[in-house]
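Subject: Structure handover

Hello,

Here is the structure I promised to pass on. Please open it first, then read the notes below.

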Amino acid sequence: MRYFVVTFFLFFAFHQIFAEKHLNHPFYVSIIHVNHNLKTNCLELTFKIFTDDLETGIKYDSGKILNLYHSSNTKKADSIISDYLKSHFRINISDVPSNLNLVGIETAFDVTEVYFTIDSVKPNIDSIEINCDLLVEEIPEQSNIIHYQIRDKTKSLILNKKNTNGIIKI
């Protein structure tokens, strides 16, 4: 019985360590929600990215190694993630470049959610141009799906290695 308990414990511990570090998934996609908040005149952006892919992208891009599952220095990790996303996601609102302001970052099991805002956005936007090359160099199969919501309308773009630019007409 003792042998069984020890074996089970070692198997469970190995499985947890291995699964946490090597989360393979059959598709490579990020989801980016852009919500136009008319009450506060800002755009609210939420990036949902597989955590292991984000770590791979940052390592490939800057050489910095992050372990978001066990990060002890969250301010430094947040800064690295923010810089990475800002360099791979650019947005022009009505032909004017916009700055992303980091609100926060949450990592849960296999997905990291990053929240940004863009302040002082006029309510009468006529177009949004997005350049998103997030993870496409590191993972050629990567797709970045962008959903834009204003009032009761939702429009979407799918960007990938072959097509990193898109325009949403409103």
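Start at Phe-47. Leaving aside residues up to four places away in sequence, Phe-47 touches Ile-31, Ile-32, Leu-85, Phe-89, Thr-112, Glu-113, Val-114, Phe-116 and Leu-134. Keep in mind that this is a predicted model.

**The core**

Phe-47 belongs to the largest nonpolar core, which has 36 residues. Phe-47 is among the residues with the most contacts inside that core, along with Leu-43, Leu-85, Phe-89 and Ile-130. Helix 3 gives the core its largest share, five residues. As a general point, nonpolar side chains in soluble globular proteins tend to be buried together.

**Helix 3**

Helix 3 covers residues 74-88, 15 residues in total. Its first and last C-alpha atoms lie 21 Å apart, close to the 21 Å expected at 1.5 Å a residue. Which residues of helix 3 are buried? They are Ala-77, Ile-80, Ile-81, Ser-82, Tyr-84, Leu-85 and His-88. What do these buried residues pack against? Their partners are strand 2 (42-50), helix 2 (51-62), strand 3 (89-93), strand 5 (101-108), strand 6 (111-118) and strand 7 (127-132).

**The four-stranded sheet**

One open sheet has four strands in the order 4-3-7-10, with antiparallel pairing. Strand 4 (96-97) and strand 10 are at the edges. Each has a single partner strand, so one side of each has no neighbour in the sheet. Strand 7 pairs with strand 10 over five bridges, antiparallel. One residue pair there is Asn-131 with Asn-165, the latter in strand 10. Helix 3 packs on this sheet and touches strand 3 and strand 7. The direction of helix 3 makes about 55 degrees with that of strand 3.

Strand 3 and strand 7 are also antiparallel, with five bridges. Ile-91 has Ile-130 of strand 7 as its bridge partner. Ile-130 is one of the core residues listed above.

Strand 3 and strand 4 are joined by two bridges and run antiparallel. Asn-92 is the bridge partner of Pro-97 in strand 4. These two strands form a hairpin with two residues between them. In the turn, Ser-94 has a positive phi of about 50 degrees.

Now look along strand 3. The side chains alternate. Phe-89, Ile-91 and Ile-93 point to one face and are buried. Arg-90 and Asn-92 point to the other face and are not buried.

**Strands 2, 5 and 6**

Strand 2 and strand 6 run antiparallel and are joined by eight bridges. Leu-45 is partnered there by Phe-116 of strand 6. Phe-116 is also among the contacts of Phe-47. Strand 5 and strand 6 are antiparallel too, over seven bridges. Ile-105 has Val-114 of strand 6 as its bridge partner. Val-114 is another contact of Phe-47. Strand 5 and strand 6 make a hairpin with two residues between the strands. Phe-109 in this hairpin takes a positive phi near 25 degrees.

**Salt bridges**

How many salt bridges are there? The count is two.

Arg-90 pairs with Asp-133, with the closest N and O atoms 3.9 Å apart. Arg-90 is in strand 3, while Asp-133 is in the loop between strand 7 and strand 8 (143-150), so the pair ties together parts that are 43 residues apart in sequence. Arg-90 is partly exposed at a relative accessible area of 34%. Asp-133 is also partly exposed, at 23% relative accessibility.

Lys-161 pairs with Glu-137 at 3.3 Å, N to O. Lys-161 sits in the loop between strand 9 (153-160) and strand 10 (165-169), and Glu-137 in the loop between strand 7 and strand 8, so this pair ties together parts that are 24 residues apart in sequence. Lys-161 is partly exposed at 39% relative accessibility. Glu-137 is partly exposed too, with a relative accessible area of 48%.

**One polar residue**

Asn-37 lies in strand 1 (residues 29-37). Is Asn-37 buried or exposed? Its relative accessibility is 18%, so Asn-37 counts as buried, given a cut-off of under 20%. Beyond residues up to four places away in sequence, Asn-37 touches Cys-42 and Glu-44.

Best regards

Definitions and conventions: Residues are numbered from 1 along each chain as its sequence is written. This is a predicted model: local features need pLDDT of at least 70, side-chain atom pairs count only at pLDDT 80 or more; totals for chains, interfaces and linings use all residues. Side-chain values use heavy atoms; hydrogens and water are left out. Buried means under 20% relative accessible area, exposed over 50%, partly exposed in between (1.4 Å probe, protein chains only). Contact means heavy atoms within 4.5 Å. The expected span of a helix is 1.5 Å times one less than its number of residues. A salt bridge is a side-chain nitrogen of Lys or Arg within 4 Å of a carboxyl oxygen of Asp or Glu. A nonpolar core is a set of buried Ala, Val, Leu, Ile, Met, Phe, Trp, Tyr and Cys residues joined through side-chain atoms within 4.5 Å. Two strands pair if DSSP finds at least two bridges between them. Axes are lines fitted to C-alpha atoms, for helices over the stretch in contact, and angles run from 0 to 180 degrees between N-to-C directions.
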